[in-house]
Amino acid sequence: MPIFKLERFPFVCRLCLMPEQHRKMTSLDTEDEVFEGGATYEQYLATLTFQVEEEKRHLFPRSICAPCKDLLRTFARFRAKVRQVHLFMNALVELRDFNTAPIKSLFTSSRTLKLSMRAMLMELGVCQTGRPRAKELIEEFPQYRIASLPAVLGGSGFVGVDVTEETAAEPVEVAEEDEAEDDDPEENVLYAEECSPEELLGLTGGNMAEAVETNETDLVPAKVGPGVNWEFIDDSDEEMAVPEKASRRKPRKKPETSRKNVRHDWETILAMPLTIESIEDPKVAQATKIYGGPSSKEPLQCPKCPYKTHRKGTFHSHQLTHLLRENKKHICKVEGCSAEFTDRRYLASHVEKQHRTWICDECGLQCSNRGYLTMHKVRQHSKNPPCFSCEYCQQVFKLKLDMQSHIKRVHLAETMFKCGTCGLEFKRKCTRDSHEICHSNVFNFPCQQCDKKFKLRSQLMKHIRRVHKNPFFHCEHCSKPFYTRDNMLNHIEHVHGIQMRFLCDICVASFESEEKLSIHKSRHENPKMFECARCLFVFGTQEQYFDHLCITYRDNYVCCDRDFHDHQPYNRHVFLRHGLKVNVRVKPQPGVLLGTLRAQRKRFEICQNCDACFPTRIAKKQHQETCLAGGGEVKV
């Protein structure tokens, strides 16, 4: 038993090394706006770890799972936030040295950086406006504690530095702020260039700070000297009188009668019966519902939903809502149609079946809307080759919707539809519904050319093709007619010895060419995650994969002295007659064609009324004449 669970490497997640999960992985080549510059996941991971060599990329995992993707996106956001906070702090430190270029670059360099900086300030709660600007921060800067601290911290504490030394660096030119984003158009003029050191000395009247004596244990911040004069700071405690703006809103007119002041006769209202006959106009009743009313000691529970209330009037209006909703009539709005329905879904189904207005120009098919008509034209009349391929069986489709439906119905089969009478399970609901009709004794499809009746329309059409129409298929070697293509292929293989079908020796599936058979066998040899290598079923979880009923083999399909010829009728018979779920196959004999093998098997016919078995169809018909006693209804 291996110690490390790395059998599927490198087909694992790039971060957690868990095996890949179907339709839950994200490729590393995917770009994400969370990363700086819209980089891909692989490029971002390279900035965190190392750059993978180009010739070795295929040896590393190429995808990440959904949980790791969310964690990586969260980490990228936090990393970008930390970087922005440090850039903002560095700009404040540079502003202490009268260098306004860094703080302006954060707000004017690019729209993306500007928006991210605004979002960061709002998230940290250090800004009270949704549109902060560099001008406002520079004006408020003298009020911050950093403006009174010395510029350099010496070996024994803070050391005051002359302003002339601090401002000796050349000013840095910065891009002007976008006029569309700023409210004040004069900001670009006032703060486009840096002040010279002499002008700064003139504004401040001297040095920014003086030397402050400090001890080893106590650190006292430097105080602003008496010569410092910040022109835009007002330290006075006097409150300024702000003139009130005249309101432009028109005074609201109070209603003459308030709803609270209206007194209702609750005894009469609550005594009214809640029936649809007692309501004259449903729209008026819906608009005049009254809430409140006397209170009850115990909460009133609605019998149709979880709603509870102590107010009797509110409970009465709630019950009225249920009554109006249940008896609401949906009327067909098509001109000349007066159909009414109690459910909106029934109305939609009626319009789709009876009033289809979109007609295909090429074949005359009627569709309920433009979307269905467009899909029909692409599916049936488009000359473009199919471009959507199934990742399991390589079957191609012209529509992505058809491919997704094929995968869900054929390969995944997460939902099975069970017959309530016999317990058989089906992949499709329509197949289950057709099967359930077979349990009834209703024959709604009579043949117009003879006296036979059938339960399903498909059975009637099959009867018409075989009995009342000429054979459609003919052997290309001897021109013998056949009603079904399968019988024609059996004849060609058995009589003429020409192989027409190629069988898989694992799941006994048949194909028209060796190329399609080889593609099918590659699925058996290289199954995907949670896909059974023998029966090729795909499952959503590991528990379903280990608990599924896989294929078993036996020598023939004989049970109860009958040869059922194929695995499907045999498995159905064992389940219905013996109560056992099996998935049996008979492996094909090497060198023997399928048509020859079927011709060697014993033929049988079963009476659907008494389950008697007969060697020929003629013998079965002779038996049914006495078994059915001339009833005229044949169970098919």
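Here is a chat in which a trainee asks how the labels on this predicted model are earned.

Trainee: Before we start, what should I know about the model and its numbering?

Mentor: This is a predicted model in which local features need pLDDT of at least 70, side-chain atom pairs count only at pLDDT 80 or more, and totals for chains, interfaces and linings use all residues. Residues are numbered from 1 along each chain as its sequence is written, and side-chain values use heavy atoms, with hydrogens and water left out.

Trainee: How do you know that the span of helix α17 agrees with its number of residues?

Mentor: Helices are DSSP runs of H or I with at least four residues, strands are runs of E with at least two, and both are numbered from the N terminus. The expected span of a helix is 1.5 Å times one less than its number of residues. For the 12 residues of α17 (485-496) that gives 16 Å, and the end C-alpha atoms are 16 Å apart, so the two agree.

Trainee: Which residues of α17 are buried, and what covers them?

Mentor: Met 488, Leu 489, Asn 490, His 491, Ile 492 and Glu 493 are the buried ones. Their cover includes β17 (473-474), β18 (481-482) and α21 (594-600). Right after the helix comes Gly 497, with a positive phi near 70 degrees.

Trainee: Why are Glu 54 and Arg 57 said to form a salt bridge?

Mentor: A salt bridge needs a side-chain nitrogen of Lys or Arg within 4 Å of a carboxyl oxygen of Asp or Glu. Here the N to O distance is 3.2 Å, so the pair fits the definition. Glu 54 and Arg 57 also belong to a network of salt bridges with Asp 29, Glu 42 and Arg 62. The whole structure has 23 salt bridges.

Trainee: Is Glu 54 called buried or exposed, and what is Arg 57 called?

Mentor: Buried means under 20% relative accessible area, exposed means over 50%, and partly exposed is in between (1.4 Å probe, protein chains only). Glu 54 has 57%, so it counts as exposed. Arg 57 has 22%, so it counts as partly exposed.

Trainee: What makes Glu 531 and Arg 523 buried?

Mentor: Glu 531 has a relative accessible area of 4%, so it falls on the buried side. Arg 523 has 11%, so it is buried too. Their side chains meet in a salt bridge at 2.8 Å, N to O.

Trainee: What about Arg 96 and Asp 97, why does that pair count?

Mentor: Their closest N and O atoms are 3.9 Å apart, so they fall within the 4 Å limit. Arg 96 is buried, at 8% relative accessibility.

Trainee: Why are β5 and β6 called paired strands?

Mentor: Two strands pair if DSSP finds at least two bridges between them. Strand β5 (295-301) and strand β6 (308-311) have three bridges, in the antiparallel sense. In one of them, Gln 301 is matched with Lys 308 in β6. The two strands form a hairpin, with six residues between them.

Trainee: What is notable about phi in Phe 98, and where is this residue?

Mentor: Phi of Phe 98 is positive, near 65 degrees, in a residue other than glycine. Phe 98 lies in the loop between α2 (66-96) and α3 (101-108). Its relative accessible area is 17%, so Phe 98 is buried.

Trainee: And which peptide bond is cis?

Mentor: The one from Phe 9 to Pro 10, with omega near 10 degrees. Pro 10 sits in the segment before β1.

Technical notes:
Contact means heavy atoms within 4.5 Å.
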